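Colleague: Mind walking me through this one? I'd like to go from the rings to how the helices pack.

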Amino acid sequence: TARTTTTTTTTRATTATTAWEEKARKSATGRTRDGRRRAAGRAGAIYNASWDGFDAGEDEAEDEAEDATAARRWAGYAGALGLNLGLGTLFCWSIYLVPLEQGLGVGRAVLSSVFSLCTVATVSAMSFAGPWVYATYSASRVAAFAAAFAGCGLWTAALAVPLRAVWPLFLGYGVMFGFASGLGYGLSVQMSPYAPLSAGLATGLVTSARAFGAFLFAPMVKAMVFSGGPQYALNTLGNYIAFSAVPIFLLFRACGLAAPLAKMRDKDNVMLDEMERDIKLAPLIRVLWVCMATGLFSGLMVMSHGATLLSSRGLSAQTLIIGGVSIVSFTTSAGRIFGGWLCDRVSPKRVLVLTPLLAVGPLMWAAMDKTSILAGKLALAAAGVVYGMFASTIPVEVRRVAGAGDFARTYGRIFTAWGLSGLAAPYVAGLFYDSYGDYSFALYVAAALSCVSALVAQLLESPRTAERERVDDETSRAQAAAKRGERFIDCTTDGLASG
């Protein structure tokens, strides 16, 4: 009787274990098929999902995003687009320059340094404060704070006119508006995986909203400056952005993402998987940083002097408004969308190799032909396209190699390359112009930097190599477990589905 009872108990346990494994296998297979159907409906985005081999927090974020309905996803994504549109008015600063010069009696150099401070504040928000904020507060709270803080910054900057002082411009526009712009931009880019679109296209659209915001609001800001002065324009724009915090907050809340988008790192208790991740990401971060720095430096050398580049070739001042500003605004927006769309069809590595090479031919032509207006326009357009493609392709590649949980921290480090290029490239291009009397040498240097950026991008890890390393890592773990007399179980969805 005892033997029969033991045998029956063992049989029941074995049957229960087998039934549980079968249920887990079917459940994993169903989730895998559902995921494949969703991926197929996203414009064939084959490189959207990232694998780093160690992160377990990404699965929770992906499950939360997959459980949301399409309408709720669109709501959150619409909030990200609206936030970026409003914060993109940061680049309307040049419209205020002449009226502020006349009203405050200060030089152009002092007012230009306000926007330089904006660049520093934007990088500080993206690279240093942002990772902590995104890991501490929900997306809706961060979005509302960014919009409200930007509005307060514009109200503060408007006090410069009645006070006849420049410190409100540095504090309000340079520090507050610049910081809010960087914080909101980083949040919007992190919302891309939750959009009901392919990851590359979603990233391209949300980054293009930042550039399109300046293009969309520039005529309105110009009309307000000419009709009521810079104080009226700053106050009105501040009202719009500050009050937009309410609908933006509601849109983000409707998305259903209550948890923070990033994960917090405990510096005093670093886990083994986090150490392995950091070791793996360190060389990739350096390569992406150099690739981004050289590529953007090349584009910003041309874009920052676009108006004077065309005027030195005989273009009239009236035509410069259309031929310079419109070219940059349109090409940067189109480049962001095209770069993201392309990342859904080929690997981001190939896009990063191809992107800077697109500008080499037009830059060389403009450098050799110093009088051709067409060559100058093509060089400016190529620089804009390259700049835009980098703005959308780099985040896609960072998400692939770092994952959703560490995206903010990793992208923040790489984003410092944008800050360095934004501060140094205009100055270097102007230095070359003063030394040689034209932009030929600056254009040659820009073409050379584009080639360097493409060569550096070749060092990036391809998705096939990452998959091969994943398989090798699993094989080595299984062999190590076998030597210890243990059984290695692959607990991932793919492992359960194939088991």
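Modeller: Sure, definition first: rings of Phe, Tyr and Trp (its six-membered ring) pair if their centres lie within 6.5 Å, and planes under 30 degrees apart count as stacked, over 60 as edge-to-face and the rest as tilted. Also, this is a predicted model: local features need pLDDT of at least 70, side-chain atom pairs count only at pLDDT 80 or more, and totals for chains, interfaces and linings use all residues. Residues are numbered from 1 along each chain as its sequence is written, and side-chain values use heavy atoms, leaving out hydrogens and water.

Colleague: How many aromatic pairs does a search of the whole structure find?

Modeller: The ring criterion is the one I just gave. Run over the whole structure, the search returns a number of aromatic pairs equal to 19.

Colleague: Take Tyr185 and Phe415: what kind of pair is that?

Modeller: Their ring centres sit 6.2 Å apart. The planes make an angle of 40°, so the pair is tilted.

Colleague: And how many residues apart are those two along the chain?

Modeller: Tyr185 belongs to helix H8 (residues 167-190) and Phe415 to helix H17 (residues 407-436). Helices here are DSSP runs of H or I with at least four residues, strands are E runs of at least two, and both are numbered from the N terminus. So this pair links distant parts of the chain, and the separation is 230 residues.

Colleague: Is Phe415 buried or exposed?

Modeller: The cut-offs are under 20% relative accessible area for buried, over 50% for exposed and partly exposed in between (1.4 Å probe, protein chains only). Phe415 has 4% relative accessibility, so it counts as buried.

Colleague: Which residue forms a stacked pair with Phe415?

Modeller: The centres in that pair are 5.0 Å apart, with 25° between the planes. Both residues lie in H17, 3 residues apart, about one turn of the helix. Like Phe415, the partner is buried. The partner is Trp418.

Colleague: Which residues make up the aromatic cluster?

Modeller: We've already met three of them. The one cluster consists of Tyr185, Phe407, Tyr411, Phe415 and Trp418.

Colleague: On to packing: how is H14 oriented relative to H18?

Modeller: Helix H14 (residues 348-357) and helix H18 (residues 440-457) pack at about 165°, axes 7 Å apart. Axes are lines fitted to C-alpha atoms, for helices over the stretch in contact, and angles run from 0 to 180 degrees between N-to-C directions. Under 35 degrees is roughly parallel, over 145 roughly antiparallel, 65 to 115 roughly perpendicular and the rest oblique. That makes H14, relative to H18, roughly antiparallel.

Colleague: Which residues in H18 does H14 meet?

Modeller: Contact means heavy atoms within 4.5 Å. On the H14 side we have Lys349, Leu352, Val353, Pro356 and Leu357. Their partners in H18 are Ser450, Ser453, Ala454 and Ala457.

Colleague: How many nonpolar residues are in the contact of H14 with H16?

Modeller: The axes of H14 and helix H16 (residues 373-402) come within 10 Å and cross at roughly 160°. Residues meeting there include Val351 and Leu352 in H14, and Met389 and Phe390 in H16. Besides 2 polar and 2 charged residues, the nonpolar ones number 9. For the classes, Ala, Val, Leu, Ile, Met, Phe, Trp, Tyr, Cys and Pro are nonpolar, Asp, Glu, Lys and Arg charged, and the others, Gly among them, polar, giving a nonpolar count of 9.

Colleague: Last one: what share of the chain's residues is buried?

Modeller: The secondary structure comes to 20 helices and 0 strands. Of the 499 residues in the chain, the buried share is 49%.
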